[in-house]
Amino acid sequence: MPSFRLGLVGVGKIARDQHLAAIAGTPGLELVATADPHARLDGVAAYPSLVAMLDAEPSLDGVAICTPAHLRHELATLALRHDKAVLLEKPPGATLAEIEDLKALAASRGQVLFAAWHSRFAPGIATARQWLAGKVVRGVAIRWHEDVRVWHPGQRWLWEAGGMGVFDPGINALSIATELLAPFFLRRATLEIPENCQTPIAAALAFRSAAGVEIEADFDFRHEDPPCWEMHIDTEQGVLSLEKGGARLVIDGEALMDEPEREYPGVYAHFQGLLERGESDMDIAPLRHVADALMLGHRHAVAPFHD
C-alpha cells in the first residue's frame with residue numbers, strides 16, 4: 001500500500017478531537033507537519049503558516065485544512081498550486097463561487113480535492129442507502145438539535161457573517177439527506193437570528209422533491225445536552241430512522257445497528273483511496289441548500305445570544 005505524507009492546517013478543536021486520531025489510525029497515511037500560528041503538537045514538525053510548511057516540507061503529498069471556512073479558499077489555492085492534494089473540512093468554502101474556483105484549479109492541475117462531509121461516514125449511512133434503494137419515499141422529518149455552548153464553546157466566528165450559525169451542525173444533516181435521497185429543493189425557510197448575531201440560532205426548512213416528497217428539517221442550537229441528531233424516512237415499505245447522527249439505524253422500530261461514532265476514520269480511509277486513485281470528490285449539494293436557505297429564508301429576531 002502506498003504511503004502518503006500529510007500536513008494539517010489548523011490545530012484547533014476539530015483537529016484535536018477528530019483528525020489526529022483518524023490520521024494515526026489510517027494505514028497509508030502519516031502526519032508529518034502542522035501549520036498554525038498559535039498552536040502546535042508534540043513530536044510533529046510545526047510551522048507558523050502554510051507557506052512556511054510547504055517551503056520546509058516539499059515531500060508532502062497533501063494537506064488537510066481545518067481552519068474556519070473563510071480562510072479555506074486562499075489556503076487550498078496555495079496548496080493546489082504547490083501540487084498538493086487537499087482535504088477540506090466542512091463546509092469546503094465560505095461561498096459556492098470559491099468552491100467552484102477550487103474545483104477548476106484542482107482539475108487543471110490534475111490534483112486531488114476532497115470535500116469531507118464527515119456525517120456521510122457515520123456507521124449507519126451505507127446500510128441505510130442500501131435499504132432505501134428502489135423504495136418509494138413518502139416523507140422525511142429531520143431534527144438536528146444541540147447545545148451550542150457544549151459543542152462550540154467560545155467560537156464567536158460562528159455568529160459572524162459567513163459563520164453559518166446553526167447551519168454549522170445542520171449542514172451535517174443535509175449532507176446525509178443529499179446522500180440518501182433523490183434531489184430536493186427548498187420551498188420555504190424560517191430563520192431565528194439573535195439580535196446581537198449575524199447568523200441563525202435556529203432554522204425550520206421545508207423542501208420538496210420533484211416527485212412531491214415533503215422533507216421537513218428543524219435545526220436548533222438551544223437544545224440542552226444530550227444532542228438530538230435524528231432523521232426519519234417514511235417509505236411505502238416501512239420507516240427508516242437514523243439516530244445519534246447516523247450511528248444508530250432503526251427500521252420499523254427494530255434497531256439494526258447501534259455503534260460508536262467513527263466518522264473521521266471513514267473520512268480518512270476515503271481520502272487515502274482518493275490519493276491512491278488520483279481522484280477528487282467535491283460534492284457541494286449540502287452547502288447549496290444552506291445558501292438557498294440564507295437567500296430565501298424569512299428572518300425573525302430573537303433574544304440576544306450570550307456564550
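Hi everyone, let's start with His-19. Setting aside neighbours within four places in sequence, His-19 is in contact with Leu-8, Ile-14, Cys-66, Leu-87, Glu-89, Tyr-264 and Tyr-268. Before I go on, please keep in mind that this is a predicted model. His-19 itself is in helix H1, which covers residues 13-24. Is His-19 buried or exposed? With 0% relative accessibility, His-19 counts as buried.

One name on that contact list will come back several times, and that is Tyr-268. Take Thr-26, in the loop between H1 and strand S2 (29-35). Not counting residues up to four places away in sequence, Thr-26 touches Pro-265, Tyr-268, Ala-269 and Gln-272. Thr-26 has a relative accessibility of 7%, so Thr-26 counts as buried too.

Now to the aromatic rings. How many aromatic pairs does a search of the whole structure find? The search finds seven. One of them is Phe-184 with Phe-207, an edge-to-face pair with 5.1 Å from centre to centre and 75° between the planes. Where do these two sit? Phe-184 belongs to strand S8 (residues 184-194) and Phe-207 to strand S9 (residues 202-209), so this pair ties together parts that are 23 residues apart in sequence. Phe-184 and Phe-207 are both buried.

Another pair is Tyr-268 with Phe-271, also edge-to-face, with 6.4 Å between the centres and 75° between the planes. These two are three residues apart in helix H8 (residues 263-277), which means that about one helical turn separates them. Tyr-268 is buried, at 0% relative accessibility, and Phe-271 is buried with a relative accessible area of 0%. There is a third partner here: ring pairs link Phe-114, Tyr-268 and Phe-271 into a cluster.

While we are on rings, have a look at Trp-131. Which residue lies over the face of Trp-131? That is Lys-135, at 4.4 Å from the ring centre.

Let's move on to the nonpolar cores. In soluble globular proteins, nonpolar side chains tend to be buried together. Here, the largest nonpolar core has 76 residues, and those with the most contacts inside it are Ile-142, Leu-205 and Phe-219. Which helix gives the most to this core? It is H7, with seven residues. If you pick out Ile-142 and leave aside its neighbours within four places in sequence, you find it in contact with Ala-173, Ala-177, Ile-215, Glu-216, Ala-217, Asp-218, Phe-219, Glu-230 and Met-231. There is also a second, separate core of 20 residues, which includes Ala-15, Leu-29, Leu-87 and Phe-271. You have met two of those names already: Leu-87 among the contacts of His-19, and Phe-271 in the ring cluster.

Let's stay with H7 for a moment and see how another helix packs on it. The axes of helix H5 (residues 125-132) and H7 come within 10 Å and cross at roughly 35°. The crossing of H5 past H7 is right-handed. On the H5 side, the contact is made by Ile-125, Ala-128, Arg-129 and Leu-132, and on the H7 side by Ile-176, Glu-179 and Leu-180.

My last topic is the backbone. Most residues other than glycine have a negative phi, and most peptide bonds are trans. With that in mind, here are some spots to look at. The peptide bond from Lys-90 to Pro-91 is cis, with omega near -10°. You will find Pro-91 in the loop between strand S5 (85-88) and helix H4 (96-109). The peptide bond from Asp-225 to Pro-226 is cis as well, with omega near 5°, and Pro-226 is in the loop between strand S10 (214-220) and strand S11 (228-235).

Then there is positive phi. Met-164 has a phi near 80°, and this residue lies in the loop between helix H6 (148-151) and helix H7 (167-180). Asp-252 has a phi near 50°, and its loop runs between strand S13 (248-251) and strand S14 (254-258). Which of these is buried, and which is exposed? Met-164 is buried, with a relative accessible area of 9%, whereas Asp-252 is exposed, at 53%.

That's my tour, so let me close where I began, with His-19 in H1 and its contact with Tyr-268. Thanks for listening!

Definitions and conventions: Residues numbered from 1 in each chain as written. Predicted model: local features only at pLDDT ≥ 70, side-chain atom pairs only at ≥ 80, totals over all residues. Heavy atoms only, no water. Phe/Tyr/Trp six-rings, centres within 6.5 Å; stacked < 30°, edge-to-face > 60°. Helix = DSSP H or I, 4+ residues; strand = E, 2+ residues; numbered from the N terminus. Buried < 20%, exposed > 50% of the residue type's maximum accessible area, 1.4 Å probe, protein only. Lys NZ or Arg CZ within 6 Å of the ring centre and 35° of its normal. Core = buried A, V, L, I, M, F, W, Y, C linked by side-chain atoms within 4.5 Å. Contact = heavy atoms within 4.5 Å. Axes fitted to C-alpha atoms, helices over the stretch in contact; angles between N-to-C directions. Left-handed = near helix turned anticlockwise from the far one by under 90°.
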